[in-house]
Amino acid sequence: MATGTQAYGESWYWDNRYTNEPGPFDWYQKYITLAPIINLYVPKNQSILVVGSGNSAFSQGMVDEGGYKDVVNIDISSVVIDAMQKKYRDRPQLKYLKMDVRDMSAFASETFGSVIDKGTLDSILCGNNSRQHATKMLEEIWRVLKAKGVYILVTYGAPLYRLRLLRDSCSWTIKLHVIEKLASEEKSVNPLWELTKPIPLNNDGSSVDETLGLNPDVHYIYICTKEISANSNVRA
């Protein structure tokens with residue numbers, strides 16, 4: 001049986017964690033710190049999918065503060081999904097479904113305008129057979145996105161470790177933003193980089209080191225737009 005980070009892709013690990021830690025927890029960033037990026041790339045009038053939602057308050061923030069009307073949340077843990085269904089049973093804007101992001105066959109192709117991921121790809125990359133599972137996850141996200149839909153990936157993974165995985169999996173056009181790991185609700189006087197301004201991004205990502213320096217204390221936000229062309233491998 002896998003232990004520690006190797007278990008991040010296993011439902012039993014998350015069932016145990018959410019049983020023992022039922023309070024709300026947001027991985028990486030809260031809605032209020034990411035709101036400028038969400039508002040920039042995610043229209044209000046579309047269906048949105050949040051993968052690996054856990055018991056985060058992020059989706060509630062999208063509805064209450066952002067004005068979004070249709071936020072679908074999936075998680076591999078039945079424990080947390082049961083809890084969130086009960087918590088938001090009177091909130092039709094928030095839907096919670098038990099589902100593995102690597103197999104979202106319950107959703108038709110091109111269902112969502114946007115997919116948001118805060119840490120789920122990172123969790124899968126910590127587990128066994130990580131490359132295989134991560135590729136399957138990205139292919140499924142690409143499939144359920146509408147053409148020109150966006151996959152917003154919030155991750156600790158620098159371009160050196162994420163660009164090839166993203167580009168090898170599906171047809172994406174990729175922009176990169178960054179946010180300081182300890183971003184607070186109050187605007188930083190001297191941010192490392194303006195959140196809504198994309199980082200210059202070349203093929204191997206080395207331009208990011210040139211712009212920010214080595215090992216910047218940031219979370220990376222990849223804006224991956226689904227492209228469909230005559231040469232695309234359409235996984236419908």
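This passage describes the nonpolar cores, one helix, the cysteines and the aromatic contacts of a predicted model. Local features were considered at pLDDT of at least 70 and side-chain atom pairs only at pLDDT 80 or more, whereas totals for chains, interfaces and linings use all residues. Residues are numbered from 1 along each chain as its sequence is written, and side-chain values rest on heavy atoms, with hydrogens and water left out.

The largest nonpolar core (a set of buried Ala, Val, Leu, Ile, Met, Phe, Trp, Tyr and Cys residues joined through side-chain atoms within 4.5 Å) holds 38 residues, of which Leu49, Tyr151 and Trp172 touch the most other members. Its largest share, six residues, is contributed by helix α6, residues 130-144. Here buried denotes under 20% relative accessible area, exposed over 50%, and partly exposed in between, with a 1.4 Å probe and protein chains only. Beyond its neighbours within four places in sequence, leucine 49 has contacts (heavy atoms within 4.5 Å) that include Val72, Ile74, Met104, Phe107 and Val144. A second, separate core comprises 28 residues, among them Tyr31, Ile37, Ile48 and Tyr88.

Helices are DSSP runs of H or I with at least four residues, numbered from the N terminus. For the 15 residues of α6, the expected span (1.5 Å times one less than the number of residues) is 21 Å, in agreement with the 21 Å between its end C-alpha atoms. The buried residues of α6 include Met137, Leu138, Ile141 and Val144, together with Glu140 and Arg143.

No disulfide (a pair of cysteine sulfur atoms within 2.5 Å) is found in the whole structure. Cysteine 224 is buried at 0% relative accessibility, but its sulfur lies 9.4 Å from the closest cysteine sulfur, that of cysteine 170, and is therefore too far away for a bond.

Five aromatic pairs were found, in a search of the whole structure; Phe, Tyr and Trp rings (for Trp, the six-membered ring) pair if their centres lie within 6.5 Å, with planes under 30 degrees apart counted as stacked, over 60 as edge-to-face and the rest as tilted. Tyrosine 31 and phenylalanine 58 form an edge-to-face pair, at 5.6 Å centre to centre and 75 degrees between the planes. Because tyrosine 31 lies in helix α2 (residues 31-41) and phenylalanine 58 in helix α3 (residues 58-64), the pair ties together parts that are 27 residues apart in sequence. By contrast, the rings of tyrosine 88 and tyrosine 96 are stacked, with centres 5.7 Å apart and planes at 10 degrees.

Key
Helices (H or I, at least four residues) and strands (E, at least two) are DSSP runs, numbered from the N terminus.
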